[in-house]
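Here's a walk through one protein model, written for someone who'd rather look at the coordinates than at a summary. Have the viewer open and follow along.

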Amino acid sequence: MALVDYSSSASASASASASASGSDSEEPPAKRRKDGSRSTPQHAEAPAAMPPLPAAFHDLYASTVRQSVADDPSLHQGRKRQNPHVPGNWPSHLYVEWHPTRDQGDVLGALVARVEAMLDKDVVLHNFLTSDLGAPLPLHISLSRPLSLPTADKDAFLERLTHSLRTSAAKAFAVRPSGLAWYKSPDSARTFLILRVETGKHGANPELMGLLTRCNTVSTLFGQPALYQTRQGEAADCAFHVSIGWTFGLPGEETSLQVLKLFREERFRAMHDWEIAVTGVKAKIGNVVTHIALGGQQQTARGRAAVGGGGSKP
């Protein structure tokens with residue numbers, strides 16, 4: 001069944017009106033629908049704007065369909081799994097999700113296009129802004145490394161994380177973009193184009209640091225790696241960012257510096273005033289996403305029923 005059923009009366013009356021007027025202007029032939037009626041695109045009314053989807057809707061489709069449990073880079077633009085597939089293990093991730101508005105998406109799209117134009121032809125920049133079909137995608141601020149939870153641990157992990165965050169008395173807050181940077185992943189061969197974020201001046205992020213500390217504590221308690229830890233065990237609060245693109249190639253030093261200066265150009269100055277709301281932490285375990293709200297709000301769990309484990313997405 002079609003999502004929208006268009007009436008054929010408008011096209012029929014439009015054709016009759018054109019014949020009666022005796023107009024000499026030529027119009028393209030009307031397209032025939034599956035039900036046999038015809039429509040004239042020139043006379044079709046623009047559809048009304050649809051209301052935005054509720055936030056919980058995105059959690060239902062937070063994962064793509066698994067194409068293979070084997071590590072096949074050809075299915076993922078040459079990427080390899082950071083955690084190999086292990087039957088019974090659940091690829092997991094903790095993060096803050098951001099859905100840019102249409103205007104913000106346009107600015108980010110223009111920025112990525114400008115960066116692509118500046119790179120050498122042998123450096124291919126892939127973006128995180130849209131899907132292969134052009135649909136806008138959510139972005140995120142990571143609060144964990146890619147995790148791989150055994151089946152026996154996944155429920156206890158989520159329960160412990162939820163309790164830790166809910167008892168932290170952390171309230172919702174906002175972060176702002178503070179600059180562009182290139183980030184070489186320690187876990188893969190990729191280099192990311194990132195948008196740094198901060199809540200204070202000079203890269204200070206006390207609120208995000210509070211969330212990260214609790215996420216890292218729970219992760220290490222279950223034998224999982226911590227995020228943004230130095231050898232001294234201190235987290236770097238200037239490392240928080242939103243990834244907007246990635247590449248296997250490394251831009252030259254001069255080009256890299258020119259890219260970073262784009263943040264200060266007039267056409268991209270709107271980003272300086274953006275506020276990215278942090279209302280909770282999302283825990284993605286397998287294909288199930290749980291939103292752990294800050295400020296005493298009720299958490300929600302969304303997602304498709306996951307089937308026995310796997311490795312992390314490349």
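What follows goes from the overall picture to the two annotated histidines, then to a proline and an aromatic pair.

First things first: this is a predicted model, so let's begin with confidence. The mean pLDDT of the protein is 78, with 65% of its residues at 70 or more. Split by element, strand 11 (residues 280-285) comes out highest with a mean of 98, while helix 1 (residues 9-21) has the lowest mean, 44. Residues 1-25 stay under 50 throughout, and the model gives that stretch 10 contacts beyond four places in sequence. Residues 304-308 are also below 50, with 14 contacts in the model beyond near neighbours in sequence. Where pLDDT is low, the predicted coordinates shouldn't be read in detail.

Now for the general make-up. The protein has 6 helices and 13 strands. Of its 314 residues, 37% are buried. Take the contacts with a separation of 6 or more: 73% of them are between residues 24 or more positions apart. The protein exposes about 18500 Å², and carbon and sulfur atoms supply 53% of that area.

On to the annotated site. Which residues does UniProt list for "active site"? The entry, which is unreviewed, gives His140 and His241. They're spread over 102 residues of sequence, yet they cluster in space, with a largest C-alpha distance of 8.2 Å. Here are the two, next to each other:

| Residue | Element | Relative accessible area | Side-chain polar contact |
|---|---|---|---|
| His140 | strand 5 (residues 139-142) | 34% | Ser142, 3.5 Å |
| His241 | strand 9 (residues 241-247) | 9% | Tyr228, 3.4 Å |

Buried or partly exposed: where does His140 fall? With a relative accessible area of 34%, His140 is partly exposed, because buried would call for under 20% and exposed for over 50%. His241, at 9%, is buried.

The contacts are worth clicking through. Setting aside neighbours within four places in sequence, His140 touches His93, Tyr95, Val96 and Glu97, as well as His241, Val242 and Ser243. With the same neighbours left out, His241 has contacts that include His140, Ile141 and Ser142. Its list also takes in Ile194, Leu195, Arg196 and Val197, along with Tyr183 and Tyr228. So Tyr228 turns up twice for His241, as a contact and, by its side chain, as a polar partner at 3.4 Å. Ser142 is the side-chain polar partner of His140 and is also in contact with His241.

Next, a proline. Pro91 sits in strand 3 (residues 89-98). Why is Pro91 counted as buried? Its relative accessibility is 16%, and the cut-off for buried is under 20%. Pro91 and Pro146 are 55 residues apart along the chain, but their C-alpha atoms are separated by 7.0 Å.

Last, the aromatics. The count comes to 5 aromatic pairs. One of them joins Phe157 and Phe222 edge-to-face, at 5.5 Å centre to centre and 75 degrees between the planes. Phe157 belongs to helix 4 (residues 151-166), whereas Phe222 is in the loop between helix 5 (206-221) and strand 9, so the pair ties together parts that are 65 residues apart in sequence. Both Phe157 and Phe222 are buried.

Definitions and conventions. Residues are numbered from 1 along each chain as its sequence is written. This is a predicted model: local features need pLDDT of at least 70, side-chain atom pairs count only at pLDDT 80 or more; totals for chains, interfaces and linings use all residues. Side-chain values use heavy atoms; hydrogens and water are left out. Helices (H or I, at least four residues) and strands (E, at least two) are DSSP runs, numbered from the N terminus. Buried means under 20% relative accessible area, exposed over 50%, partly exposed in between (1.4 Å probe, protein chains only). pLDDT is the predictor's confidence in each residue, from 0 to 100. Contact means heavy atoms within 4.5 Å. Accessible areas come from the Shrake-Rupley method with a 1.4 Å probe; for residues, only the protein chains shown count as cover. UniProt positions are given in the numbering used here, feature names are shortened, and annotations may be inferred rather than shown by experiment. A polar contact is a pair of N or O atoms within 3.5 Å; within protein, one must be able to donate a hydrogen and the other to accept it, and residues adjacent in sequence count only if both atoms are side-chain atoms. Rings of Phe, Tyr and Trp (its six-membered ring) pair if their centres lie within 6.5 Å; planes under 30 degrees apart count as stacked, over 60 as edge-to-face and the rest as tilted.
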